[in-house]
Amino acid sequence: MFEIKKICCIGAGYVGGPTCSVIAQMCPEVRVTVVDVNESRINAWNSPTLPIYEPGLKEVVESCRGKNLFFSTNIDDAIKEADLVFISVLSNPEFLAEGTAIKDLKNPDRVLIGGDETPEGQRAVQALCAVYEHWVPKEKILTTNTWSSELSKLVANAFLAQRISSINSISALCEATGADVEEVARAIGMDQRIGNKFLKASVGFGGSCFQKDVLNLVYLCEALNLPEVAHYWQQVIDINDYQRRRFASRIIDSLFNTVTDKKIAILGFAFKKDTGDTRESSSIYVSKYLMDEGAHLHIYDPKVPREQIVVDLSHPGVSEDDQVSRLVTISKDPYEACDGAHAVVICTEWDMFKELDYERIHKKMLKPAFIFDGRRVLDGLHNELQTIGFQIETIGKKVSSKRIPYAPSCEIPKFSLQDPPNKKPKV
């Protein structure tokens, strides 16, 4: 069997960088070169400050960079010298979750490798299997044809996104009835046929994969004349958009039907904790809706650079003209963001937000002081926060009948809950 000695990975992003770094660490006899046309990104991979944040990634890179792991812009030579070339890990789809990518790579549920059902294709499949067998048990390495491997990737993310949209749809029902979506999720999750994974209600899912892969599935079904199937999966995206608009509408209604010229602290801008990735983050869309109503946003995230937040909010379709410069301030810490605010809006479930000094925050906020918890990170603190004096609104639950009631306006909302939001254009 052909032995792989040199690997080239085209693309030094969130997938290629971590994946090939782990391959280099687990296969010290294989030379791995990650190439990209983006020179600044490659320079960052070769520096002490990596271009992406992922727990454990820095240690992996530093353990083998310059030994058998290299980052380069010399794409042509790397391809010519390679025994195997990864192109965005096509036909070998990744099933990584940002925030746990290194753990997922080192201890995967499965590795899926697809290839042509030809002698050449099967030899390539077996050669790649041999690379993964350095650390992955053979029974966890699945081989399929190329279509099956690609569809498996799309369908896996579609099913996960579907579960999130399903529980988010129930969160709206819970708020209307007095049920608690966390209690509902726990009850149904104990059914072994359902399981308890991905039943966490929130302001909506984000990241680069879920929406992209569901929409790819929708497009594929439409192209193959399966309109009913396409419509079914489109609803997963529609509910996610609805949840974001519903959360923003709830903020506006609770703040006496207007946020114009009011200061709103946005805590968290990454699409989830333990990553600096903001792609399709719900924070972007919630910020857009609040900016459209004239709110002044003070945004804090522990891992997202100021420049990234400004770029995301400045996209056409998210903001207009000078909206960002007029309405957005990037804060260096959460207390600065909350100082003088009418409301605190939690959009990312960073653990640090559970440990803030909320009595200190309350003293410096305008009254009545509101907290809108879009990630249910403060569930265990509701009694304490109410004692301090906060009015609390959270996803999928009525916190207390003693608070200032959430009463949606009878007027037509300033943005429609039915109309889809403007999509951020691809850059």
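Here is a short conversation about how some features of this predicted model are named and judged.

Author: A word on conventions: this is a predicted model, in which local features need pLDDT of at least 70, side-chain atom pairs count only at pLDDT 80 or more, and totals for chains, interfaces and linings use all residues. Residues are numbered from 1 along each chain as its sequence is written, and side-chain values use heavy atoms, with hydrogens and water left out.

Reader: What is the mean pLDDT of the protein chain?

Author: The mean is 92, and 92% of the residues reach 70 or more; pLDDT is the predictor's confidence in each residue, from 0 to 100. Over residues 409-413 the value is below 50, and this stretch has two contacts beyond near neighbours in sequence, contact meaning heavy atoms within 4.5 Å. Residues 423-427 are also below 50, with 16 such contacts.

Reader: Why are strands E9 and E12 said to stand at the edges?

Author: The open sheet has six strands in the order E9-E8-E7-E10-E11-E12, with parallel pairing. Strands here are DSSP runs of E with at least two residues, helices are runs of H or I with at least four, and both are numbered from the N terminus. Two strands pair if DSSP finds at least two bridges between them. E9 (328-330) and E12 (391-394) each have a single partner strand, so one side of each is left without a neighbour in the sheet.

Reader: How do you know that E11 and E12 pair?

Author: Strand E11 (residues 370-373) and E12 share four bridges in the parallel sense, and the pairing rule asks for at least two, so they count as a pair. Within that pair, isoleucine 371 is opposite isoleucine 392 of E12.

Reader: What makes H11 largely enclosed?

Author: Buried means under 20% relative accessible area, exposed over 50%, and partly exposed in between (1.4 Å probe, protein chains only). Ten of the eleven residues of helix H11 (residues 282-292) are buried, so the rest of the structure largely encloses this helix. The buried residues pack against several elements, including H10, strand E7 (263-267) and strand E8 (296-300).

Reader: Why is phenylalanine 256 called partly exposed, and aspartate 321 exposed?

Author: Phenylalanine 256 has a relative accessible area of 49%, which falls between 20% and 50%, so the residue is partly exposed. Aspartate 321 has 82%, which is over 50%, so this residue is exposed. Phenylalanine 256 lies in the loop between H10 and E7, and its phi is near 65°, a positive value in a residue other than glycine. Aspartate 321, in the loop between H12 and H13, has a positive phi of about 45°.

Reader: What makes the contact of H7 with H9 twelve nonpolar, two polar and two charged residues?

Author: Ala, Val, Leu, Ile, Met, Phe, Trp, Tyr, Cys and Pro count as nonpolar, Asp, Glu, Lys and Arg as charged, and the others, Gly among them, as polar. Among the contact residues, Lys153 of H7 and Asp213 of H9 are therefore charged, while Asn157 of H7 and Asn216 of H9 are polar by the same rule. Helix H7 (residues 146-177) packs against helix H9 (residues 210-223) at an angle of about 115°, with axes 8 Å apart. Those axes are lines fitted to C-alpha atoms, for helices over the stretch in contact, and angles run from 0 to 180 degrees between N-to-C directions.
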